[in-house]
Amino acid sequence: MTAMTPPAAPIPGAGLPAATVYATWRRILREAPLAEAMFNPAIDDQTLGRRFGLDDDGVATVRAYAATPKPTRMFILNYRFRMTGSVQNALETAAPLTMRALKGKGLDLRELAEGFLEADRWQDDGPFVVGYCARILDHLAAHPATEAPAGLRDLIALDRATAGLLMRLADAPPQPAVPAGHVGLTGRAVAVTTSHDLAPWLRNSAALGREDLPARPAAYLVAMPDLAAAPKVSALPPRGALMLAALEEGPLSPAALTRRLGGAGPQDAALLGKLAERGAVVGA
């Protein structure tokens, strides 16, 4: 007698549309209620489809993944753990000041990360850390946990402006043409005006997030004159912020810039020179 090879076991989900399988699996990873319902034997196919807006192929996909509960649950758990860690890694990489302040305040970083991920629908940006961090900072800026200490949201705004600058520079814009005798922006710096003075935190990182900051307006320059180096943050005189704002519409001659500012200041030439040294303007 010839031994007969037993038929191979059917592969769960075989024959289903690939696009449906991918989209449904992404929903399982992102939506905790769906991930819980798929393993509930009391929920039939009709209820599952109606509750989560799934068509027949979507329900079949869910059932295929539920047929291997142990590895499916493990993958979901690992994915969520990795994504929660990715929030903290993004802050450490692209917004270190904010990260230190959150730690200094003693906030539950994992809880904050999970709250962001739920609001962001567990989107995975892969290696695009800066854009991912920008969304995290936007979320934190409106979160009740960042209302105090005074100045924390100003610090978040500083890191957010830095992220925005990095994203713009990632497109490698050409050096702007500035006519002879004019002053123009380089596109490699951004001015940030705050309602609290961040200097005490910027001078002493151990104080980040641990104390209220003085409620007085201040301005800062984030610059990247060297694209291979980290962004540099420095205090910016209020008139310097006004100069940069005046140049946003295009290069100006020194005389036109003076008129735009409502008259000459005693330190204008020196201030323009400093802005040029920091890579914010050219032609000064």
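How are α5 and α7 oriented to each other, roughly parallel or roughly perpendicular? I started my notebook with that one.

**Entry 1: α5 and α7**

I am working on a predicted model. I looked up helix α7, residues 109-119, and its packing on α5. The angle is about 105°, and the axes are 9 Å apart. Angles of 65 to 115 degrees count as roughly perpendicular, so α5 and α7 are roughly perpendicular to each other.

Then I listed the residues that meet. From α5 come Arg-80, Phe-81, Met-83, Thr-84, Val-87 and Gln-88. From α7 come Leu-109, Arg-110, Ala-113, Glu-114, Phe-116, Leu-117 and Glu-118. I sorted this contact by class: seven residues are nonpolar, two polar and four charged.

**Entry 2: How far to trust the model**

I checked the confidence next. The chain has a mean pLDDT of 91, and 94% of its residues reach 70 or more. Residues 1-10 fall below 50. That stretch has zero contacts in the model beyond near neighbours in sequence. Where pLDDT is low, the predicted coordinates should not be read in detail. I leave those residues alone.

**Entry 3: α5 and α8**

Back to α5, now with α8 as partner. These two pack at about 95°, with axes 9 Å apart. That makes α5 roughly perpendicular to α8.

On the α5 side I noted Met-83, Ser-86, Val-87, Ala-90, Leu-91, Thr-93 and Ala-94. On the α8 side I noted Val-129, Val-130, Tyr-132, Cys-133, Ile-136, Leu-137 and Leu-140. What is the class make-up of the contact of α5 with α8? I found 12 nonpolar residues, two polar and no charged.

**Entry 4: The cavity**

I searched for enclosed space. How many cavities of 30 Å³ or more are there? The count is one. About 60 Å³ of space lies in the largest cavity.

Its lining is Val-87, Gln-88, Leu-91, Leu-102, Leu-109, Leu-112, Ala-113, Phe-116, Ile-136 and Leu-140. The helices from my earlier entries turn up again: α5, α7 and α8 each give two or more residues. α7 gives the most, with four. By class, the lining has nine nonpolar residues, one polar and no charged. Val-87 is a residue I keep writing down. Val-87 is in the contact with α7, in the contact with α8 and in the cavity lining.

**Entry 5: The largest pocket**

I turned to open space. The largest pocket holds about 220 Å³. I wrote down its lining: Thr-93, Ala-94, Pro-96, Leu-97, Val-130, Leu-158, Asp-159, Thr-162, Leu-166, Ala-230, Pro-231 and Val-233. Two or more residues each come from α5 (69-94), α6 (96-105) and α9 (152-170). Which element gives the most? It is α9, with four residues. The classes are nine nonpolar, two polar and one charged.

**Entry 6: The second largest pocket**

This pocket has a volume of about 160 Å³. The lining is Leu-165, Arg-168, Leu-185, Gly-187, Ala-189, Val-190, Ala-191, Ala-241, Leu-244, Ala-245, Glu-248 and Ala-280. α9 appears again, together with β2 (189-194) and α11 (238-246), as an element that gives two or more residues. I count nine nonpolar residues, one polar and two charged.

**Entry 7: The loop between α7 and α8**

I looked at two residues here. Arg-121 lies in this loop. Its phi is near 60°, a positive value in a residue other than glycine.

Asp-125 also lies in the loop, which runs between α7 and α8 (129-141). What does Asp-125 touch, leaving out residues up to four places away in sequence? I found Gly-131, Tyr-132 and Arg-135. I also took a distance to Ser-86. The two residues are 39 places apart in sequence and 9.7 Å apart in space, C-alpha to C-alpha. Ser-86 was already on my list, as part of the α5 contact with α8.

**Entry 8: A cis bond**

One last loop, between α8 and α9, holds Pro-149. The peptide bond from Ala-148 to Pro-149 is cis, with omega near 0°. Most residues other than glycine have a negative phi, and most peptide bonds are trans. I marked Arg-121 for its positive phi and Pro-149 for its cis bond.

Conventions: Residues are numbered from 1 along each chain as its sequence is written. This is a predicted model: local features need pLDDT of at least 70, side-chain atom pairs count only at pLDDT 80 or more; totals for chains, interfaces and linings use all residues. Side-chain values use heavy atoms; hydrogens and water are left out. pLDDT is the predictor's confidence in each residue, from 0 to 100. Contact means heavy atoms within 4.5 Å. On a 1 Å grid over the protein atoms alone, a cavity is a set of points where a 1.4 Å probe fits but cannot get out, and a pocket is an open set with protein on both sides within 12 Å along at least five of seven lines; lining residues have an atom within 4 Å of a point. Grid points are joined across faces, edges and corners, and a volume is the space filled by probe spheres set on the points. Ala, Val, Leu, Ile, Met, Phe, Trp, Tyr, Cys and Pro count as nonpolar, Asp, Glu, Lys and Arg as charged, and the others, Gly among them, as polar. Axes are lines fitted to C-alpha atoms, for helices over the stretch in contact, and angles run from 0 to 180 degrees between N-to-C directions. Angles under 35 degrees count as roughly parallel, over 145 as roughly antiparallel, 65 to 115 as roughly perpendicular and the rest as oblique.
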